[in-house]
Amino acid sequence: MQYVKFDENRPIDVIPIGRLAIDFNPTDMNRPLSESCNFNKYVGGSPANIAVGLARLGAKCGFIARVSDDQFGDYVENYFKNDGIDVSHVFRCENGENLGLTFTEILSPTQSSILMYREGVADLQVCVDDVDEEYIKSAKAVVISGTALCASPSREAALKTLFLAKKNGVVVIFDIDYRSYTWKNKDEISLYYSIAAKNSDIVLGSREEFDLTEAVEGVCASDEESAARWFSYGNKIVIIKHGKEGSVAYLDDGSAYKVKPFPVKMLKGFGGGDGYASAFIRCLLEGWDMIDALEFG
């Protein structure tokens with residue numbers, strides 16, 4: 001069933017814009033980061049994770065980003081290429097900006113944290129000149145990451161992507177993706193998140209992220225009220241996540257679907273939401289029934 005209309009004539013399924021970085025995950029786990037000595041290197045950043053997840057599920061993906069002009073920039077580009085992700089709009093920084101680096105601390109299966117290096121970071125240098133209307137028009141959908149809205153010039157590039165998508169009948173998926181770094185205050189967060197949410201077709205986020213998005217205009221008392229607010233601006237699907245309690249997908253026809261997570265052996269508390277988004281979006285593109293798409297996610 002098609003809950004959102006995708007233009008099947010577009011050659012690219014999804015183009016995310018935003019954070020493209022590197023994660024270092026320890027191989028010697030269950031100890032403080034100060035005692036971890038060995039790490040595996042991966043591409044990271046929520047929109048990058050979504051692109052990789054989609055590509056591995058068979059979707060054709062592009063990406064809009066800036067990366068460092070060095071061997072780490074080579075690494076993330078080659079990582080994308082190996083998964084078949086188009087990198088024609090992944091550009092190199094020109095003023096020495098570095099890729100963001102994230103080191104994961106895994107104290108236990110239920111305790112994890114991250115140490116991030118994001119001063120003068122490359123992904124926030126993507127600018128309006130990097131956003132090409134013809135490229136946007138080639139996609140069925142774009143993913144706007146909330147982190148891309150936290151600072152200029154990335155903020156303007158993300159908004160240009162959103163408005164060009166709306167102009168050209170490209171589905172806009174807003175992944176709220178709240179991270180505290182770089183934002184100045186909660187009013188700023190709410191203002192830019194609400195601009196994106198009011199111009200999207202699908203919004204995904206946790207209850208906390210919806211509260212941040214709604215802060216200036218008034219936080220809704222319930223998930224149902226939040227969904228109704230964003231439907232009033234034209235959204236078709238609103239997904240509100242509650243961690244281990246599961247998630248609910250609200251549809252603009254008044255229906256709602258709830259799923260709980262499958263039990264798994266947990267290694268760390270990060271990245272699950274990106275895998276969820278990848279699988280859910282892929283199922284929407286394939287026209288799956290909503291409950292099946294949620295369960296697959």
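These legends walk through a set of close-up views of a predicted model. Local features need pLDDT of at least 70 and side-chain atom pairs count only at pLDDT 80 or more, while totals for chains, interfaces and linings use all residues. Residues are numbered from 1 along each chain as its sequence is written, and side-chain values use heavy atoms, with hydrogens and water left out.

**View 1. Ser190 sits in helix H5 and touches residues 212 to 216****.** Helix H5 covers residues 186–198; helices (H or I, at least four residues) and strands (E, at least two) are DSSP runs, numbered from the N terminus. Ser190 is buried, with a relative accessible area of 2%. Here buried means under 20% relative accessible area, exposed over 50%, and partly exposed in between, using a 1.4 Å probe and protein chains only. The side chain of Ser190 reaches the backbone oxygen of Leu212 at 3.5 Å. That is a polar contact, meaning a pair of N or O atoms within 3.5 Å; within protein, one must be able to donate a hydrogen and the other to accept it, and residues adjacent in sequence count only if both atoms are side-chain atoms. Leaving aside residues up to four places away in sequence, Ser190 touches Leu212, Thr213, Glu214, Ala215 and Val216, where contact means heavy atoms within 4.5 Å.

**View 2. Helix H6 is mostly covered****.** This helix takes in residues 207–214, and 6 of its 8 residues are buried. Those are Arg207, Glu209, Phe210, Leu212, Thr213 and Glu214. What lies over them includes H5, strand E10 (202–206), helix H7 (223–231) and strand E11 (237–241).

**View 3. Cysteines, but 0 disulfides****.** A disulfide is a covalent bond between the sulfur atoms of two cysteines; here the rule asks for cysteine sulfur atoms within 2.5 Å. For Cys127, the closest cysteine sulfur is in Cys93, 9.6 Å away and too far for a bond. Cys127 is buried, at 16% relative accessible area. Cys283 is in no disulfide either, with the nearest cysteine sulfur, that of Cys61, 14 Å away. Cys283 counts as buried too, at 1% relative accessibility.

**View 4. Phe39 meets Phe103 edge-to-face****.** The model has 10 aromatic pairs: rings of Phe, Tyr and Trp (its six-membered ring) pair if their centres lie within 6.5 Å, and planes under 30 degrees apart count as stacked, over 60 as edge-to-face and the rest as tilted. In this one, the ring centres are 5.7 Å apart and the planes stand at 85°. The pair links distant parts of the chain, 64 residues apart: Phe39 is in strand E3 (residues 39–44) and Phe103 in strand E6 (residues 101–108). Phe39 is partly exposed at 28%, and Phe103 is partly exposed at 21%. Both belong to one aromatic cluster with Phe24, Phe72 and Tyr117.

**View 5. Trp183 and Tyr193 make another edge-to-face pair****.** Centre to centre it's 5.4 Å, with 80° between the planes. Trp183 lies in the loop between strand E9 (171–175) and H5, and Tyr193 in helix H5, so the pair ties together parts that are 10 residues apart in sequence. Both residues are buried. In that loop between E9 and H5 you'll also find Thr182, which has a positive phi near 80° without being a glycine. Thr182 counts as partly exposed, at 34% relative accessibility.

**View 6. Charges over rings at Tyr192 and Tyr276****.** A charge sits over a ring if NZ of Lys or CZ of Arg is within 6 Å of the ring centre and within 35 degrees of the ring normal. The charged end of Arg155 is 3.9 Å from the centre of the Tyr192 ring. Lys241 lies over the face of Tyr276, at 5.6 Å from the ring centre.

**View 7. Strands E12 and E13 form a hairpin****.** E12 (residues 247–251) and E13 (residues 256–259) run antiparallel, joined by 4 bridges; two strands pair if DSSP finds at least two bridges between them. Ala249 stands opposite Tyr257 in E13. There are 4 residues between the strands, and Gly254 takes a positive phi near 95°.

**View 8. A cis peptide bond leads into Pro153****.** The bond from Ser152 to Pro153 has omega near 5°. Pro153 lies in the loop between strand E8 (139–145) and helix H4 (154–167).
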